[in-house]
Amino acid sequence: FIKEGAYNRKGSLYMAIAGSVAVLIAAFIVKSLPVETLRWVVIVVICFTSVVMLRAAFHPGKSAIAA
């Protein structure tokens, strides 16, 4: 995959940089959140992900998130 260059190098680099910065920002925000708030954030993320995955499973030809 890498040897053949079958991926977007620019996109990969941008995602790696942005992801690293996002992890640092999230680490500081998450450390300052109360446990109860963090629990609800995790519940919301899990529910959202579940809905998106179920929509994708029942409508495989359509995009799960319509903009």
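This passage describes the overall form of a predicted model, followed by its helices, its surface and its side-chain contacts.

The chain of the predicted model contains 2 helices and 0 strands. Its radius of gyration is 17 Å, well over the 11 Å that the globule rule gives for 67 residues, and the chain is therefore more spread out than a compact globule. Along the principal axes, the C-alpha trace extends over about 45 × 35 × 20 Å. Buried residues account for 4% of the 67 residues in the chain, where a residue is counted as buried when its relative accessible area is under 20%. The area exposed by the chain comes to about 6100 Å², of which 75% is supplied by carbon and sulfur atoms.

Helix H1 comprises residues 9–32, and its 24 residues should span 34 Å at 1.5 Å a residue; the computed distance between its end C-alpha atoms is 35 Å, which agrees with that expectation. At the start of H1, a side-chain oxygen of Asn8 comes to within 3.2 Å of the backbone nitrogen of Lys10. A nonpolar patch on the surface is formed by Leu13, Tyr14, Ile17, Val21, Ile25 and Ile29, which together present about 610 Å² of accessible area. Of these patch residues, Leu13 is placed in helix H1, while Ile25 also serves as a reference point for the position of Val41: the C-alpha atoms of Val41 and Ile25, which lie 16 residues apart along the chain, are separated by 16 Å.

Val41 itself is located in helix H2, and with a relative accessible area of 42% this residue is partly exposed, a class that covers values between the 20% limit for buried residues and the 50% limit for exposed ones. Helix H2, which runs over residues 35–58, also holds Arg39 and Glu36. The side chains of Arg39 and Glu36 meet in a salt bridge, with a nitrogen-to-oxygen distance of 3.0 Å, and the structure holds 1 salt bridge in total. Because Arg39 and Glu36 are 3 residues apart in helix H2, they are separated by about one helical turn. Both partners of this salt bridge fall in the partly exposed class, since the relative accessible area of Arg39 is 45% and the relative accessibility of Glu36 is 43%.

Conventions. Residues numbered from 1 in each chain as written. Predicted model: local features only at pLDDT ≥ 70, side-chain atom pairs only at ≥ 80, totals over all residues. Heavy atoms only, no water. Salt bridge = Lys/Arg side-chain N within 4 Å of Asp/Glu carboxyl O. Helix = DSSP H or I, 4+ residues; strand = E, 2+ residues; numbered from the N terminus. Buried < 20%, exposed > 50% of the residue type's maximum accessible area, 1.4 Å probe, protein only. Rg over C-alpha atoms; globule rule 2.2 N^0.38 Å. Areas by Shrake-Rupley, 256 points an atom, 1.4 Å probe, with all protein chains shown as cover. Expected span 1.5 Å × (residues − 1). Polar contact = N/O pair within 3.5 Å; in protein donor to acceptor, adjacent residues only side chain to side chain. Patch = residues over 30% accessible without salt bridge, like charges linked within 9 Å, V, L, I, M, F, W, Y side chains within 5 Å.
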